[in-house]
Amino acid sequence: MNAQNVFMENETEANRYAAKCLVICSFVCGAAWILTLLRIFTVPMAIMNTAMPMIILCFWMPSLLCRLTGGSRRWVKYAVLFCSIMGVFILSSAMPKHGVLVWTLPLMLSCHYYSKDLTRITLVVSQILFSCSIYIGMYFGEWDQILLDAAYYSGPRVVTRQNLYDATVFFVLTRAAALWGLSSICTTMAGRTRRLLERQAKDSEERQRIETELDVAHRIQADMLPCIFPAFPERPEFDIYASMAPAREVGGDFYDFFMVDERHLAIVIADVSGKGVPAALFMVIGKTLIKDHTKPGIGLGDVFSQVNDLLCDSNHEGMFITAFEGVLDLVSGEFCFVNAGHEVPFISRDGEPFKPYKIRPGFVLAGMENMKYQCGSFQLAPGDKIFQYTDGVTEATNRKEELYGMARLEGVLEKNAAKSPEALLSAVREDIDAFVGSAQQFDDITMLCVEYKKKMADV
């Protein structure tokens, strides 16, 4: 929302607020009128009976205007302040001794529009009508016995030149100075608040722009990961499923799977240090390099060694990646892998419970140049499954600061070992969500499962 819209909304709210304040003031005036009728107040009855109906009408007009227009028209604020000034003018003319007190009302109401110019205009108009009300009050209003030196008065009212001089010196000038002093506070407050609103509106626009860009980045990142399942419907030899839930709009985790050639399926899962946009950008580089360097006839240890050196060359922020890559030979069932500081995988043998497969973690990618990575291998048979994940799974935390942990993960994998990869990942995620409850997700949660269903015919 831009600054103009913010101030337009504020004007509408200020109109409604000012109208409510004036309605409350009308009730105060009505109470004073009733107390005068009961002879509790000593204001002349003729003055109260003449002034109060007009004052109450002026104070109720803004509420009527807001009801008719919704308070959103640009001219309503001028009408509201005009009605408040006129009501105060009549009150001040009827009872001059209360001039300064009541003239603070339009000034204070003008502050809610956060416009120094509007407050200054209100001051000038108020100052002129305030001075007029003093002189009008000498002829028609309540006689100020103290300052005009009229201890008791009866008969026709006579205003002398000395009375006018005293009224100017002791009423108009002194109380005008008080109004000017009060207006300086009001204009300062209006200007300062307006600057704060402008800054907030600018910050809001910037946040909205960033959120929009992050939303686009989130969609781009999601599109970069394989997300169409079943991934290879024409390949009966395996079934694969993966998911990634970032802790923020964009994450540092990633997974990938692709055919190296007709008989080799590669899977990758990795976790970039840090979170947010920096991790997401480094993730794109890491994912691209790993896929580009995974080629037939090149060992996975050599792949990670080459990728590590390239990442170190452009790693000025000191980030690193934990990664696991495996390549399944669909003909022989041999599964070759390399692990760069990543979590150990779980393996289920033909429907049996999942068990963690203990392997040496190796060193992280982009942590140190000239690292040599060693690959390993094990044999898979039809019906076997591999489950791999990032530390966001085991380190998911509930409100009691308890970790989800390896034991819970192994337990839910054991209960759902016979399910398909997609159903298995859904069951694990449901169990994590039930454990975490309403606690905030602090890390990306990424999982991948591949099932070796049948051997491929050797060609």
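**Strands, pockets and cysteines in a predicted model**

Glutamine 388 has leucine 448 of β10 as its bridge partner. This pair is a convenient place to enter the structure, which is a predicted model. The contact belongs to a longer run of pairing, in which β9 and strand β10 (residues 445-452) are antiparallel and joined by 6 bridges. Strand β9 also pairs with strand β6 (residues 346-348), again in the antiparallel sense, here over 3 bridges. Within that pairing, phenylalanine 346 has phenylalanine 387 of β9 as its bridge partner.

The surroundings of β9 deserve a closer look. Strand β9 (residues 384-389) has 6 of its 6 residues buried, so the strand is largely enclosed by the rest of the structure. In a regular strand, side chains alternate between the two faces of the sheet. Here both faces of β9 are covered. Asp384, Ile386 and Gln388 are buried on one side, and Lys385, Phe387 and Tyr389 are buried on the other. Phe387, the bridge partner of phenylalanine 346, and Gln388, the bridge partner of leucine 448, thus belong to opposite sides of the strand.

Another set of strands can be followed from edge to edge. An open sheet is formed by 5 strands, arranged in the order β2-β3-β4-β5-β8 with antiparallel pairing. Its edges are β2 (253-261) and β8 (376-379); each has a single partner strand, so one side of each is left without a neighbour in the sheet. From one strand to the next, the twist averages 20°. At the β2 edge, the partner is strand β3 (residues 264-272), which runs antiparallel to β2 and is joined to it by 8 bridges. Within this pairing, phenylalanine 257 stands opposite isoleucine 267 in β3.

Turning to the helices, the largest pocket holds about 350 Å³ of space. Its lining is made up of 18 residues, and those nearest the centre of the pocket are Val28, Cys29, Leu91, Leu101 and Val102. The elements giving two or more residues to this lining are α1 (3-37), α2 (45-69), α3 (76-94) and α4 (99-111). Of these, α1 provides the largest share, with 5 residues. By residue class, the lining of the largest pocket divides into 15 nonpolar and 3 polar residues, with no charged ones.

Enclosed space was also searched for, and the whole structure contains 2 cavities of 30 Å³ or more. The second largest cavity has a volume of about 30 Å³. Its lining consists of Met8, Glu11, Thr12, Gly71, Ser72, Arg73 and Arg74. These residues divide into 1 nonpolar, 3 polar and 3 charged. Charged residues are therefore part of the lining of this cavity, whereas the lining of the largest pocket has none.

Finally, the cysteines. A search of the whole structure finds 0 disulfides. Cysteine 336 is accordingly in no disulfide, and the nearest cysteine sulfur, that of cysteine 375, lies 6.0 Å away. For a disulfide, the two sulfur atoms would have to be within 2.5 Å. With 25% relative accessibility, cysteine 336 counts as partly exposed. Cysteine 312, in contrast, has 15% relative accessibility and counts as buried, because the cut-off for buried is under 20%.

Conventions. Residues numbered from 1 in each chain as written. Predicted model: local features only at pLDDT ≥ 70, side-chain atom pairs only at ≥ 80, totals over all residues. Heavy atoms only, no water. Buried < 20%, exposed > 50% of the residue type's maximum accessible area, 1.4 Å probe, protein only. 1 Å grid on protein atoms, 1.4 Å probe; cavity = no way out; pocket = protein on both sides within 12 Å on 5 of 7 lines; lining within 4 Å. Points joined across faces, edges and corners; volume = space filled by probe spheres on them. Nonpolar A, V, L, I, M, F, W, Y, C, P; charged D, E, K, R; others polar. Pairing = 2+ DSSP bridges. Helix = DSSP H or I, 4+ residues; strand = E, 2+ residues; numbered from the N terminus. Axes fitted to C-alpha atoms, helices over the stretch in contact; angles between N-to-C directions.
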